[in-house]
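Please open the model in your viewer and keep the selection panel at hand. The tour goes from one selection to the next and says what is to be found at each stop.

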Amino acid sequence: MAFQLLSEPIRKYIRDKGWEQLRPIQTAAITRILASDENYILASRTASGKTEAAFLPILSKIDFKESGVQVLYVSPLIALINDQFYRIEELCQNLDISVTKWHGEANKTLKDKLFKQPNGVVLITPESLEAMFVNKPYFVKQLFSNLKYVVIDEIHSFIGTDRGVQLKSIIARLKKINNHSFSVIGLSATIGDYDEAKGFTGDSSKTKVLLDRTAKEIKVLFRYFKGEGDELPLDLLKDLYIETKDNKVLIFPNSRGRAEEVAVKLKKISDRVKGHPYYFSHHSSVDREVREYVEHFAKNNFRLNFCIACTSTLELGIDIGSVDEVVQIDATHSIASLIQRVGRSGRKEGERSNLYLYATNKWSLLQSIACWLLYKEGFIEPPQKKEKPYDILVHQALSITKGHSGIKLTELIHQLKTNASFSNIELNEIEEILNYLIEIDLFERLQNEVIIGVTGERVVNSRDFYSVFKVEEAYKVVNSGQKIGEIPFSPQIIEDENILLSAKIWKIVFVDHQSKKIEVIPTKDGKKPLFSGSGALIHQKIREKMFEILYDRIDYDFLDQPSCDEILVLRKDFSIFNIKDLTIERPLLVSEKYLTFFSFTGTSINRTIRLLLKIVGINHRYDEESSTFELEESKELFTKQWKALAALLDNIDLHITTHFRENPSLLSFSKWGIYLPEDYQVKLIKNTFFDIEGTRNYLTNTNLILN
DNA sequence: GACCTGCTGCGGTTTG
């Protein structure tokens, strides 16, 4: 039995906790982790005890008397570190093992203490690790050269992202300074591609996946309220109010602006009918202290009901206590996101998860149903693959060089070439990129060595250096000295305009462009704030499922009457196309003025098709939500051009180069790509912004079916 | 009309 294998202090912890039995993932992890030093990916649903699954055996196994930090826990979020800190500290209480939080907002005195006596468990963010490598390379060695385990929480949030490439590179750098090898344990509830997850540890062949597929029962309810214009339909808000007023609720309305709209409007209704006043908003623009208050309120009160309208800030990991209901307004952009969000409710043993899916237009309804069906089928979208992350290589080259205060060029090349994150980048490519960095003065060459150049110093000494993602410049929003939040500058930010923030309505009284400050006072009415973000990518599988639903005859028992009616109308609209094979046919609607092409495929392929249409000079309007193209073209000409589009892909490098020269902002998705030679920038755009092979496949196989 | 994530070190001042 797994329990018997654990050390006595850990068994005592379990007895004290009163656990009757271990969860399946815990039993599996305990036997495996205690028996071998392999890497593991622990995959099981939200709130299934994955943290304990990793730490119970690790804490049993390791001799913490050795000097140096023994276990490094890496988290994508500060809030998650703060949350996990208490759990892990409690686990360690019988063991005399120190647990240290290490992130930008953690207590500096406690960090300094760790330098004097490096031991125990450290909880850290990738950026803090990066900063330590850059500024205190000596301490990295002192702290982390005797590691036994690296635990990566919510590993899916790293896989297939730039931040993941960075973390994987940092782990490779940690391996270099370790005397003995350490094992990597990844935790997640939503892994879409197990091979990718295994590769993340840096050694697929020594990584095993422990998987518990048991799902929690979810009670799902679809609601349809067709919206007109910019604001949410009043009927939806009324219905939402009634469904949520007597519960503890999280609402995910997909954008920061909408989150504010929902919080303010529900609160207004509640005020009118003398309901509870605990309506909050929670997203990246709300001040951190306000957010922490909201989290604390939700976590530590058992009696009062509340309602938090939030974005993905409350999607991951953080256990915010007992949530009875999760509401999604309009479809999620991924299945993974849907699973994580619904996982915020019913976290206690035996509790069910309740999910309300509201839709305000037909496409969103269709997407919502598609996501739900794919979830039921067990599908999670695989991560994006970035074979050659040239931009992150630039960042890591700068970081390594700065950390070494200059390094032999051959040694730098060797370190990059042997780093698991860059194994697909060729030696000559690395050399070319580094030479270019010398050319633009990010590096300076001194005989055999490179050091950071004069221009490079400005870059690496910036506070913004440690992260690989870009953020928009924000203005502080302040009410009589009290900070409410930070919002990006937009045309809406002018004096006398009203905005919503932190679930309250404000009038802007003064905008100080010098110190980037917006002074506000409370007021009665206002518009939701505008944010200029780029939406998330939709996977082609979701669009294919939406298409399938249109040609299905199935009546879904989870839909309410208005949803059923709307789906019926959609099916009728699309019945004019004689679609026989859903995999290779797509509708082209011919009307008097223009053509409408319903592509029913993912965002990246649609993007690539848009580029191709631009190259051949076909004017079009594109709508992401419905995945449609409106074309000003005759059907004869377009069907002919359609067949020729795929051929353009043979020369795509040239096309992208031309397009990029005309639109340099195309690279704005990459913070570090701007330091690459132009031909590498083009390669980067080609391989990450567009999907060339996917589009080739799509174009060569897809036939247009006219009405 | 469109999500999210994190952050050094120094010198100065304030507070217990």
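Two strands are taken as paired if DSSP finds at least two bridges between them. With that in mind, and remembering that this is a predicted model, begin by selecting residues 595-598, which form strand 23, together with residues 628-631, which form strand 25: the two run antiparallel and are joined by four bridges. Within this pair, T596 stands opposite E630 of strand 25.

Next, add residues 620-623, strand 24, which also runs antiparallel to strand 25 and is joined to it by four bridges. Here Y622 has F629 of strand 25 as its bridge partner. Follow the chain through the hairpin of strand 24 and strand 25, where four residues lie between the strands, and stop at S627, whose phi is positive, near 55 degrees.

Now select N606, which belongs to helix 22, residues 603-615. Is N606 buried or exposed? N606 counts as buried, because its relative accessibility is 0%. Leaving aside residues up to four places away in sequence, the contacts of N606 are R543, S599, T601, Y622, S627 and F629. Three of these have already appeared on the tour: Y622 and F629 as bridge partners, and S627 in the hairpin.

Move then to DNA strand B and display the protein around it, where 36 residues surround the strand and I78, T125, S128, T311 and R463 are the closest. Of the atoms of DNA strand B that come within 4 Å of the protein, 56% belong to sugar and phosphate. Two phosphate contacts can be inspected in turn: a backbone N or O atom of I78 lies 2.7 Å from a phosphate oxygen, and a polar side-chain atom of K136 lies 2.8 Å from a phosphate oxygen. For a contact to a base, select R163, where an N or O atom of the side chain is 3.4 Å from a base oxygen of DNA strand B.

Helix 7 (126-135) and helix 13 (288-300) are the elements that give two or more residues to the surface near this DNA strand, and helix 7 gives the most, with four residues. Colouring that surface by residue class shows eight nonpolar, 17 polar and eleven charged residues.

Finally, colour chain A by pLDDT, for which the mean is 92, with 98% of the residues at 70 or more. Among its elements, helix 18 (residues 427-439) has the highest mean, 98, and strand 18 (residues 482-488) the lowest, 86.

How values were computed
Residues are numbered from 1 along each chain as its sequence is written. Chains are lettered from A and ligands numbered from 1 in the order in which they are written. This is a predicted model: local features need pLDDT of at least 70, side-chain atom pairs count only at pLDDT 80 or more; totals for chains, interfaces and linings use all residues. Side-chain values use heavy atoms; hydrogens and water are left out. A residue is near a molecule or strand if one of its heavy atoms lies within 4 Å of it. A polar contact is a pair of N or O atoms within 3.5 Å; within protein, one must be able to donate a hydrogen and the other to accept it, and residues adjacent in sequence count only if both atoms are side-chain atoms. Ala, Val, Leu, Ile, Met, Phe, Trp, Tyr, Cys and Pro count as nonpolar, Asp, Glu, Lys and Arg as charged, and the others, Gly among them, as polar. pLDDT is the predictor's confidence in each residue, from 0 to 100. Buried means under 20% relative accessible area, exposed over 50%, partly exposed in between (1.4 Å probe, protein chains only). Contact means heavy atoms within 4.5 Å.
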